[in-house]
Each structure stands twice: as structure tokens, then as C-alpha cells.
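Reader: I work at the bench and would like a close look at one part, the ligand and its surroundings. Which residues surround the ligand? Please carry on to other local features afterwards.

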Amino acid sequence: MNRKKTPVPYPPRIELARIQTPFQPLPRMSERLGVELYIKRDDLTGVALSGNKVRKLEFVLAHALAEKADTVLTCGGAQSNHARATAVAAARLGLRCRLLLRTPDPLDPPQPEGNILLDRLAGAEIVWITPEEYGRRGEIFDREAALVSRKGGKPYVIPEGASNALGAWGYVKAAEELAHDLALLPGKRTKETSVILATGSGGTAAGLILGRRLHELKARIVSINVCDDRAYFTKVISEICENAIAEYNLPISFSRKKEIEIVDGYVGRGYALSRPEELDIIKEVARAEGTFLDPVYTGKAFYGMVKELQRDRACFGERIVFLHTGGIFGLFAKSSEFAAPL
Ligand SMILES: *Cc1c(COP(=O)(O)O)cnc(C)c1O
């Protein structure tokens, strides 16, 4: 029987990201770690508008424009890459942008460096909120959206990390790219492969998990969480997958047990806080490969991957694709923490 594959039902999308992103070997790190290691360069989806959030924003902002919004609101940590990508994308599309950023003392906000500098240059309005307010950000979003409406604007709220069913489509599409990247590799197609990524709000992992099924990507999707824990992310990622399957009527089943793989244990000192060994691995990869990881996400995930491989070289299979999700500007906010002399 010649069964025709049903096309994947992508929602409307606008072009913001420079894709398809490069897929490169890491020859020196491969040798040091004793595995075949590649890197998917989603840090190269653009310059100021770069990283994994851009792929999600292609779908989310297409919806915002269709809804005739003129102001986008979103949230994150002070050095949020997602907030910065949203601020830059909003400027590119002629939208206003209001960011709720988390800081211990809103009366004494952080210096405008790294991502915050770019937020400001792109004209985003920043509302500093406490961690406690961040915990009930739904309420704060309602208040801020009401403020925009009262002034005659049309608000559109993007959740943390653009990690909802719509944003996940960005990584369904990335899974399609990855399947293509892997098919072009020389040698055996059947090598056991893992895609390893940093997870902070779950949307990237959810998109890859859905995309793996929709595009027959033959790889494990392994998340290394940079905050919270395995139980939290199992729930968050599952909910995004389940919502997407229901909302878009996707022809796949989903099992929390079988499809979610999370390596917990590398949060370290906490979200966005670095340990010397994490900063060392950033330095090592920069020198070995000319590729810069970030301190909040990819540096931690790469460090976790190295530690797991030291424990068991075969734990991720013969071949690993490290997904570089971006975050370069966070590095500049950490310059004083790198041990001198560099
Ligand atoms: C947001 C972010 C992540 C995590 O992606 P989620 O979809 O939020 O899990 C990873 N790396 C970088 C650089 C990010 O900015």
C-alpha cells in the first residue's frame, strides 16, 4: 500500500530567523570526550535577534499580528534572552514592547549591560518586578495588559520563553532541519544519536519531542534542566506537548514515560548563577572550537553533558548533537566572574 504521509499542519509563520542553521562537527571536543560530537548552531539564527526564542517567535508573533496587536508583553529574568529577542523582533515589526523583568530589588535594577542594553536600545519599556511578583505574573500581565488597553493599544501577552503550544512549532520545524542534517552525515544512519539541550521553560524540548515524531527524527531528545527539577519539567514539557496535540489535532500519541528524558543535577548554584567549573567549560570550548557557550543555559548543559560522559561514555549513544540555543549576550554580564588571568 502506498500510504501518503499527511503534511505537518504548521500554523502561519513570519520569517525572523536565519535558518537553516549550520550543523558542525566539534572535532577536538569529540576527541577529548570519546564520542562523535556535533553542534547545531541555533545561536546563529541572527545577531541581536538570535538564539532559540527566535524560532518560537516566528509562530507566536505571526499570531500577534493576525490579532492586530500593537504591543507585545512578555517576561523573564533580568538577562532574559527571550525578552531581548522579543524586544528586537517587536522593533523590527513596528510593535511596542513591554518587558516584565525579575530582579531582587526593583528600586535598584541591574546595570544596562548584556541583554538589558539591547532591550533598552530596541526601545522596550522595562517593568522591574520582584521574584514574588514573578511568581504571580499572570496577575501582573493582566494589570499591564489593561494599562495598554486603557491607553488605546492592543496588547498581546507572550508567556515565559514563548513556551506554549504555538511557540513549540518553532522546534517542530527545527526537528525537520535536524532530520535533514543527520541524513547528510557520512557513515551509518543507524548510529544511536542523542540531541542534548538546555531546558529553562520547556518549549524547545516540547517542540523537538513533537517534531521527532512528526518528522521521523531518529534521535533521543535529552534535556538538561538549568532550574527547577525533573518532576517540574516532566510536567511542563508534557503539558505543552499534550496541548499542541489537542489544539492542532496532531496525528501522534504521546507518553510522558517514554518520550521525556531529563538529566537533572546540573542546576548548580541556581538559575543564572555560575560555578567556576561551568565557566571553565565555556573557556575550554571557546579555545578548542571557536564557539562561545553562554553562562545561563548552554554552558551548564554542556558541563552536565561532559560530566555524564565522564561517568559513562556510552550513555548518550555513539553520536551526540549539542543544540546551541544561543545566549551570547549573557556572557558580557559575567565578565568579572571569569577567573583572572583569562
Ligand atoms: C531560553 C533558553 C533556553 C531554554 O529554552 P526553553 O525553551 O525555555 O526550555 C536555552 N538556551 C538559551 C540560550 C535560552 O535563552
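Author: Buried means under 20% relative accessible area, exposed means over 50%, and partly exposed lies in between (1.4 Å probe, protein chains only). This is a predicted model, in which local features need pLDDT of at least 70 and side-chain atom pairs count only at pLDDT 80 or more, while totals for chains, interfaces and linings use all residues. Residues are numbered from 1 along each chain as its sequence is written, and side-chain values use heavy atoms, with hydrogens and water left out.

The ligand is surrounded by 16 residues (those with a heavy atom within 4 Å of it). The closest of these are K53, K56, S201, T204 and T325. Polar groups can be followed from the ligand oxygens into the protein. The side chain of N81 has an N or O atom 2.9 Å from an oxygen atom of the ligand. The side chain of N52 also places an N or O atom beside a ligand oxygen, here at 3.0 Å. G203 takes part through its backbone, where a polar atom is 3.4 Å from an oxygen atom of the ligand. On its own the ligand has 380 Å² of accessible area (Shrake-Rupley method, 1.4 Å probe), and the protein covers 98% of it. The elements that give two or more residues to the shell are α2 (52–66), β7 (193–199) and α8 (203–214); helices (H or I, at least four residues) and strands (E, at least two) are DSSP runs, numbered from the N terminus. Helix α2 gives the most to the shell around the ligand, namely three residues.

The loops after two of these helices come next. K68 lies in the loop between α2 and β3 (71–77). Its phi is positive, about 65°, although K68 is not a glycine. K68 counts as exposed because its relative accessibility is 66%. The loop between α8 and β8 (220–225) holds E216. E216 is not a glycine either, and its phi is positive, near 50°.

Elsewhere, several helix positions can be compared with their surroundings. G170 belongs to helix α7 (residues 165–183). With a relative accessibility of 3%, G170 counts as buried. The C-alpha atom of G170 is 9.1 Å from that of V60, although 110 residues separate the two along the chain. E308 sits in helix α12 (residues 298–311). This residue also counts as buried, because the relative accessibility of E308 is 12%. The side chain of E308 makes a polar contact of 2.6 Å with the side chain of R311; such a contact is a pair of N or O atoms within 3.5 Å, where within protein one must be able to donate a hydrogen and the other to accept it, and residues adjacent in sequence count only if both atoms are side-chain atoms.

E239, in helix α9 (residues 230–247), falls in the middle class. Its relative accessible area is 33%, so E239 is partly exposed. From the C-alpha atom of E239 to that of A17 the separation is 26 Å, and the two are 222 residues apart along the chain.

One backbone feature remains, towards the start of the numbering. I19 and Q20 are joined by a cis peptide bond, with omega about 10°. Q20 itself lies in the segment before β1 (23–25).
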